[in-house]
Amino acid sequence: MEAGTTPPPEEAGLGYTGAPVVGAVLATVFFPFISLIAALLLQGSEQDARKKSQLRNWAWASAGWMVLWLVIVIAAAASIGSGSSGVSRSGPCQGGPETGATGQNIPGTNRYVFPCVFGGTETTRLP
């Protein structure tokens, strides 16, 4: 048989079943970096084409799981780093005053400052 060809079904192995698959899934979920290393090491020495394919899929799943968590961590850090509300109260009013917001009185005047929906503030004179 030539290198790089898939063996006929009668020559191909059965692959991994049962407990090894469950172990691989649990290891991928809880220890994706170690799972990636294990899958790559096992794949390098495996002769059975079906098992080699399963190990390659296991490596891809482990790497994908790590990338997903990396994206989640970066998004959470960006969200936390942008402030508690993420809306800047400096500058002109954007989106109009927030419904139900209480204004802050400017001492000695009948003017009130209201926060706006998408940022900024609006100063309004009330009778």
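A disulfide, for this talk, is a pair of cysteine sulfur atoms within 2.5 Å. Keep that in mind for a moment. The model you see is predicted.

With that cut-off, a search of the whole structure turns up one disulfide. Cys93 is joined to Cys116, with an S to S distance of 2.0 Å. What does this bond link? Distant parts of the chain, 23 residues apart. Cys93 sits in the loop between helix H3 (49-81) and strand E1 (104-105). Cys116 sits in the loop between strand E2 (111-115) and strand E3 (121-125). Which hand does the disulfide have? The torsion about the S-S bond is about -115°, so the disulfide is left-handed.

Now the exposure of the two cysteines. Cys116 is buried, at 0% relative accessibility. Cys93 is partly exposed, with a relative accessible area of 27%.

Let me step back to the overall layout. The protein chain has three helices and three strands. Along the sequence the pattern reads α-α-α-β-β-β. Of the 127 residues, 16% count as buried. The exposed surface is about 9200 Å², and carbon and sulfur atoms supply 66% of that area. On contacts: take residues at least 6 apart in sequence, and 43% of those contacts join residues at least 24 apart.

On to the strands. Strands of a sheet pair through backbone hydrogen bonds, either parallel or antiparallel. Here we have an open sheet of three strands, order E1-E2-E3, with antiparallel pairing. E1 and E3 stand at the edges. Each has a single partner strand, so one side of each is left without a neighbour in the sheet.

Take the pairs in turn. E1 and E2 run antiparallel and are joined by two bridges. Asn105 has Tyr112, in E2, as its bridge partner. E2 and E3 also pair in the antiparallel sense, over five bridges. Opposite Arg111 you find Arg125 in E3. The hairpin of E2 and E3 has five residues between the strands. Within that hairpin, Gly119 takes a positive phi near 125°.

Stay with that hairpin, and look across to the loop between H3 and E1. Gly95 lies in this loop, as does Cys93. Gly95 is exposed, at 57% relative accessibility. Which residues does Gly95 contact, leaving aside its neighbours within four places in sequence? Val117 and Phe118. Gly95 and Val117 are 22 residues apart in sequence, yet their C-alpha atoms are 5.2 Å apart in space.

Next, the helices and the core. In soluble globular proteins, nonpolar side chains tend to be buried together. The largest nonpolar core in this model has six residues: Ala24, Leu36, Ala39, Leu55, Trp58 and Ala59. Helix H2 (32-45) and H3 each supply at least two of them. H3 gives the largest share, three residues.

Trp58 is one of the six. Setting aside residues up to four places away in sequence, Trp58 touches Ala24, Thr28, Ser35, Ala38, Ala39 and Leu42. Two of those names, Ala24 and Ala39, are also in the core list.

Thr28 deserves its own look. Thr28 is found in helix H1 (residues 19-30). Buried or exposed, Thr28? Buried, with a relative accessible area of 9%. Again leaving out residues up to four places away, Thr28 touches Ser35, Trp58, Ala61, Ser62 and Trp65. Thr28 and Gly64 are 36 residues apart in sequence, and 9.9 Å apart C-alpha to C-alpha.

Trp65 takes us to the last item. How many aromatic pairs does a search of the whole structure find? One. The pair is Trp65 with Trp69. Their ring centres are 6.1 Å apart and their planes meet at 80°, so the pair is edge-to-face. The cut-off for edge-to-face is over 60 degrees. Trp65 and Trp69 are four residues apart in helix H3, and so separated by about one helical turn. Trp65 is partly exposed, with a relative accessible area of 29%. Trp69 is partly exposed too, at 44%.

To close, go back to the disulfide. Cys93 and Cys116 tie the loop between H3 and E1 to the loop between E2 and E3. Gly95 in the H3 to E1 loop is in contact with Val117 and Phe118. That is the tour.

Key: Residues are numbered from 1 along each chain as its sequence is written. This is a predicted model: local features need pLDDT of at least 70, side-chain atom pairs count only at pLDDT 80 or more; totals for chains, interfaces and linings use all residues. Side-chain values use heavy atoms; hydrogens and water are left out. Buried means under 20% relative accessible area, exposed over 50%, partly exposed in between (1.4 Å probe, protein chains only). Two strands pair if DSSP finds at least two bridges between them. A nonpolar core is a set of buried Ala, Val, Leu, Ile, Met, Phe, Trp, Tyr and Cys residues joined through side-chain atoms within 4.5 Å. Contact means heavy atoms within 4.5 Å. Accessible areas come from the Shrake-Rupley method with a 1.4 Å probe; for residues, only the protein chains shown count as cover. Rings of Phe, Tyr and Trp (its six-membered ring) pair if their centres lie within 6.5 Å; planes under 30 degrees apart count as stacked, over 60 as edge-to-face and the rest as tilted.
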